[in-house]
Amino acid sequence: AWRVASSACALRRTMAESAQRKVYQVSEINRLIRRTLELSAEISTVSGLARGVYMSRRALGRAFLREGLPVPSHWLHIGRVLRAALDLQWHGETLMRSAGQHGYPDGFSLSNQMKRLSGVRPSDVKERIGWEWVLESWIQRELAAGAFGEDQAAMLERKAGAVGDGAASA
């Protein structure tokens, strides 16, 4: 009886430690994503990002891969695109000026990057309000390209289906 109780206690302890590790991992990846998007205003390379989050490039890439997320460079790029989109919408910036402020050589480069990442052009961005739809467009393109791991892809597709079902019934 003592062995069974001891084994059950050890199993509970192991499960609790595992849950704590998972919570830590989730909060760690959330911190990395947040910091990546923050640093995207200042840097445009994964090496610079790695220095900014005090990790090696390899460890940074592995952290994103382990969680089934797109590579860090994609997060940096979409961060820059989102900032440019907000400039175009809220501040009435020209495409050239916004491109220069966010590290692009010219408006053409920004426009192509925006189209490649999210499937939208700056003219589309100027006609709408908010950044969430640009981010959602990027997520959908990353899903289609297989950049998310199986678990994240399944979760995102379930959420998109639930949103689509809710919109259809409304």
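1. The largest pocket in this predicted model holds about 450 Å³ of space. Twenty residues would be a lot to look at in one go, so to speak, and the ones closest to the centre of this pocket are I33, L69, F148, Q152 and M155, out of the 20 that line it.2. Three elements give two or more residues to the lining of the largest pocket: helix 1 (2-39), helix 8 (132-145) and helix 9 (150-169). Helix 1 supplies the largest share of that lining, with six residues.

3. Here is the overall fold. The protein chain has nine helices and zero strands, and reading along the sequence gives the pattern α-α-α-α-α-α-α-α-α. Of the 170 residues in the chain, 36% are buried. The accessible surface of the chain is about 10700 Å², and carbon and sulfur atoms account for 56% of that surface.

4. A word on contacts along the chain. Taking contacts between residues at least 6 apart in sequence, 52% join residues that are at least 24 apart.

5. Please keep the confidence values at hand while you read. The average pLDDT of the protein chain is 84, and 78% of the residues score at least 70. Over residues 19-24 the pLDDT stays under 50, and the model has one contact beyond four places in sequence for this stretch. Residues 19-24 fall within the range of helix 1 (2-39).

6. Which residues of helix 3 are buried? In helix 3 (residues 57-66) they are L60, A63 and F64. These three lie on the same side of helix 3 because they cover an arc of only 90° around the axis. The face turned away from that buried side carries the exposed residues R58, L65 and R66. After helix 3 comes G68, which has a positive phi, near 75°.

7. Y54 deserves a look of its own. This residue sits in the loop between helix 2 (46-52) and helix 3. Its phi is positive, about 60°, although Y54 is not a glycine. Is Y54 buried or exposed? With a relative accessibility of 78%, Y54 counts as exposed, since the cut-off for that class is over 50%.

8. S73 belongs to helix 4 (residues 72-90). Its relative accessibility is 22%, and S73 therefore counts as partly exposed; the buried class requires a value under 20%. S73 and S47 are 26 residues apart along the chain, and 9.7 Å separates their C-alpha atoms.

9. How far apart in space are E132 and L82, C-alpha to C-alpha? The distance is 8.9 Å, for a pair that is 50 residues apart in sequence. E132 is found in helix 8, and with a relative accessible area of 48% this residue is partly exposed. The exposed class takes values over 50%.

Notes: Residues numbered from 1 in each chain as written. Predicted model: local features only at pLDDT ≥ 70, side-chain atom pairs only at ≥ 80, totals over all residues. Heavy atoms only, no water. Buried < 20%, exposed > 50% of the residue type's maximum accessible area, 1.4 Å probe, protein only. Helix = DSSP H or I, 4+ residues; strand = E, 2+ residues; numbered from the N terminus. Arc of directions from axis to C-beta. Contact = heavy atoms within 4.5 Å. Areas by Shrake-Rupley, 256 points an atom, 1.4 Å probe, with all protein chains shown as cover. pLDDT = per-residue confidence, 0-100. 1 Å grid on protein atoms, 1.4 Å probe; cavity = no way out; pocket = protein on both sides within 12 Å on 5 of 7 lines; lining within 4 Å. Points joined across faces, edges and corners; volume = space filled by probe spheres on them.
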